[in-house]
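Welcome, and thank you for taking a look at this structure. Please keep the sequence and the 3D view open while you read, so that you can find each place as it comes up.

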Amino acid sequence: MPLTVGTAGHIDHGKTWLVRALTGKDTDRLPEEQRRGISIDLGYAQLELADGRRLSVVDVPGHERFVRTMVAGATGIDLFLLVVDAGEGARPQTHEHLAILRLLGIERGVVALSKVDAVDDETAILAEEEAHELVPGAEVVRVSAKTGAGLDALRAAIGRVADSVEHARVDRPTRLYVDRAFSVAGFGTVVTGTLWSGSIGSGDDLRLEPSGQGVRIRSVQVHDTDVDRAESGQRVAVSLPGVERREVARGEALVAPGAYAISYRLDVALEEIAPIEDGARVQVHVGTVHALARVVRLGRFAQLRLERPVVAARDDRVILRAGTTLGGGVVVDPMPPRHRDESRIARFAAGDVAGTIAAPIRLDTLRFVLDGELEGVERAGSWVFSRSWLEAWADELRARIGSADPIDPGISPPFEPWAADVLPLLPFERRGAKLYLPGAVATLAGRAEDAAALESQLAGAGVRATKVTDDELARFLEASGRLVRLGDGYAIGVDAFEVARDVVLGECRAEGEITLARFRDLVGTGRRDAQLLLERLDADGVTRRDGERRVLRRAALSG
Ligand SMILES: Nc1nc2c(ncn2[C@@H]2O[C@H](COP(=O)(O)OP(=O)(O)OP(=O)(O)O)[C@@H](O)[C@H]2O)c(=O)[nH]1
Ligand SMILES: [Mg+2]
């Protein structure tokens, strides 16, 4: 199992010298690093143990201004090598780096008491005691990069820790956070990083996120050696043909397409070192990237609202800093909606995703928080929802139908996007554009008197059209054959309509046609009413308009 060990410790405490003494490689390769004698960027080397096992080493800078670089280096490691100057003892970044390691969940490692050649035995013993207090349970080894003292003992101690550590996240899809990007003549752009999970081989189609570029891997190296396929936990260099050097930087992630959330928000379970206020602005470190964010406190949880998107997954560890390290968090939901719902996060944190679901949401939106199948919810189409929500919704629809006009006891179906998928689960009837209780029939209910009054009004009006304001009543009476509706909200009695129709039929059969003026004279009504009646006959398919005349349609001719 390939593992990566990362250094940690205060500036000048001898990390880089120790890495060089252990591996033979000087990781301070930048001219500025050599001139100033401090580390600025991350350094990489390979450590061979006595039994031939090889570990990757990441050397981090100790300067307080480069803590963010330290975090980027530490996110990919499996065990730490904390370096404490035997003469100086623990200093501010000794504590801060240690806190960051704990927040990242990196619990196992070795403490190297460095520069023991420069201190007397008494000082070394005191430093040793302090180191044991600082990191209970870790082996403390006295070393000197200068004389080589203690290096074998240190390798052996690292070997013992490596035996007890397992690289996490192995069985997840491919993810590598880029920590360096450079161009190599003949290869184009090369990126390096620790492969957090999955594997990478030449020919693989992956994506650089959040920039969102598809890439096909050309070649893969592990510690300067070409390999067909690199495995999770290894330090990897991959060449990306077609990608410009300026298009990729530290912080991008190389991932299996679609496998990870690319998100502006993270719901996290907080671990505070210093109090983190609601509304605080912090730098959030995820993988090798950091982004400014606002903290929305929700009890012991928080929603981090980021200024730019990051690639993250459930259970990832994040570090929160604002000048100093304030704390960290474990990602509970890498792509949550905007919310201030503490119980939602608490349930997610407890693994109870189903318990947060009530009204329908798309199953797809949960793909980054579900480990397996979602149990205990109802489904329809692409939606999931709770049984109790469905029952409550059915009750609500029933209540709305119950208060609908009995003359047409239906309601317009709900317009929500999930309604079309969920409605078929419920025992309602769809008739035309409306939703009814099964077998519901229209009734006049309390409007029988209105109906009788309207009917006698129509009877009295004869062939004159009457304006009816209650459209529903008119529809109902028409459906039960008690009046005929004309245009513009007018109606006429059934008998009068029969008379008018007979007039048209008789005249047309005798004369072949009828004009508006002739019809008006024959039935003895006004021009507007005559017009409405003829239009209704047109609509019924009895007559057809032909210029100023009406003629019978073929069906009416034979009848
Ligand atoms: N006497 C003695 N001095 C050492 C030893 N190791 C390192 N030093 C001194 O300490 C200085 C800093 O060592 P580095 O290894 O660069 O320290 P560092 O922890 O990597 O520093 P940063 O990366 O800047 O945090 C060196 O330039 C040496 O002068 C040692 O074993 N013995
Ligand atoms: Mg250094």
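The report below walks through the bound ligands, the aromatic residues, some helix positions and a few backbone features.

Before we start, please keep in mind that this is a predicted model.

## Around ligand 1

A good place to begin is ligand 1, which has 18 residues around it. The closest of these are Thr16, Trp17, Ser39, Gly62 and Ala145. Sorted by character, the shell holds 5 nonpolar, 8 polar and 5 charged residues.

Some contacts to oxygen atoms of ligand 1 are listed here.

| Residue | Protein atom | Distance to an oxygen atom of ligand 1 |
|---|---|---|
| Threonine 16 | polar side-chain atom | 2.8 Å |
| Tryptophan 17 | backbone N or O atom | 2.7 Å |
| Lysine 146 | backbone N or O atom | 3.2 Å |

How much of ligand 1 does the protein bury? Taken alone, ligand 1 exposes 640 Å², and the protein buries 85% of that.

## The magnesium ion

Ligand 2 is a magnesium ion, and its protein donors are Thr16, through OG1, and Ser39, through OG. These donors lie 1.9 to 2.0 Å from the ion. The two come from distant parts of the chain, 23 residues apart. Threonine 16 sits in helix H1 (residues 15-23), while serine 39 belongs to the loop between helix H2 (31-36) and strand E2 (43-48). Are these two donors buried or exposed? Both threonine 16 and serine 39 are buried.

Threonine 16 and serine 39 are therefore worth finding in your view: each has under 20% relative accessible area, the cut-off for a buried residue. Threonine 16 also appears in the table above, with its polar side-chain atom 2.8 Å from an oxygen atom of ligand 1.

## Aromatic residues

Next come the rings. Across the whole structure there are 5 aromatic pairs. One of them joins tryptophan 389 and tryptophan 393, which are stacked, with 5.3 Å from centre to centre and 15° between the planes. Where along the chain do tryptophan 389 and tryptophan 393 sit? They are 4 residues apart in helix H8 (residues 387-402), so about one helical turn separates them. Tryptophan 389 is buried, and tryptophan 393 is buried too.

This pair belongs to a wider group: ring pairs connect Phe385, Trp389, Trp393 and Trp418 into a cluster.

## Buried positions in two helices

Helix H3 (residues 67-74) contains methionine 70. With a relative accessible area of 0%, methionine 70 counts as buried. Its C-alpha atom is 8.5 Å from that of aspartate 41, although the two residues are 29 apart along the chain.

Valine 67 is also in helix H3. Is valine 67 buried or exposed? Its relative accessibility is 0%, so valine 67 is buried. From C-alpha to C-alpha, valine 67 and valine 19 are 19 Å apart, with their positions 48 residues apart in sequence.

In helix H4 (residues 92-103) you will find glutamine 93. Glutamine 93 has a relative accessible area of 7%, which means that it is buried. The side chain of glutamine 93 makes a polar contact of 3.0 Å with the side chain of glutamate 96.

## Backbone features in loops

The last stops concern the backbone. Most residues other than glycine have a negative phi, and most peptide bonds are trans. Which residues does a cis peptide bond join? The bond lies between glutamate 209 and proline 210, with omega at about 5°. Proline 210 is in the loop between strand E11 (205-209) and strand E12 (213-216).

Aspartate 315, which is not a glycine, has a positive phi of about 75°. It is placed in the loop between strand E21 (301-312) and strand E22 (317-322). Aspartate 315 is partly exposed, at 46% relative accessible area.

Aspartate 488 is not a glycine either, and its phi is positive at about 60°. Its loop runs between strand E31 (484-485) and strand E32 (490-492). Here the relative accessible area is 59%, so aspartate 488 is exposed.

One more loop position is alanine 359, between helix H7 (342-349) and strand E24 (361-362). Alanine 359 is partly exposed, with 36% relative accessible area. The C-alpha atoms of alanine 359 and arginine 246 are 45 Å apart, and 113 residues separate the two along the chain.

Methods
Residues are numbered from 1 along each chain as its sequence is written. Chains are lettered from A and ligands numbered from 1 in the order in which they are written. This is a predicted model: local features need pLDDT of at least 70, side-chain atom pairs count only at pLDDT 80 or more; totals for chains, interfaces and linings use all residues. Side-chain values use heavy atoms; hydrogens and water are left out. A residue is near a molecule or strand if one of its heavy atoms lies within 4 Å of it. A polar contact is a pair of N or O atoms within 3.5 Å; within protein, one must be able to donate a hydrogen and the other to accept it, and residues adjacent in sequence count only if both atoms are side-chain atoms. Accessible areas come from the Shrake-Rupley method with a 1.4 Å probe; for residues, only the protein chains shown count as cover. Ala, Val, Leu, Ile, Met, Phe, Trp, Tyr, Cys and Pro count as nonpolar, Asp, Glu, Lys and Arg as charged, and the others, Gly among them, as polar. Donors are N, O and S atoms within 2.8 Å of the metal (3.2 Å for Na, K and Ca); water is not among the atoms, so sites may look incomplete. Buried means under 20% relative accessible area, exposed over 50%, partly exposed in between (1.4 Å probe, protein chains only). Rings of Phe, Tyr and Trp (its six-membered ring) pair if their centres lie within 6.5 Å; planes under 30 degrees apart count as stacked, over 60 as edge-to-face and the rest as tilted.
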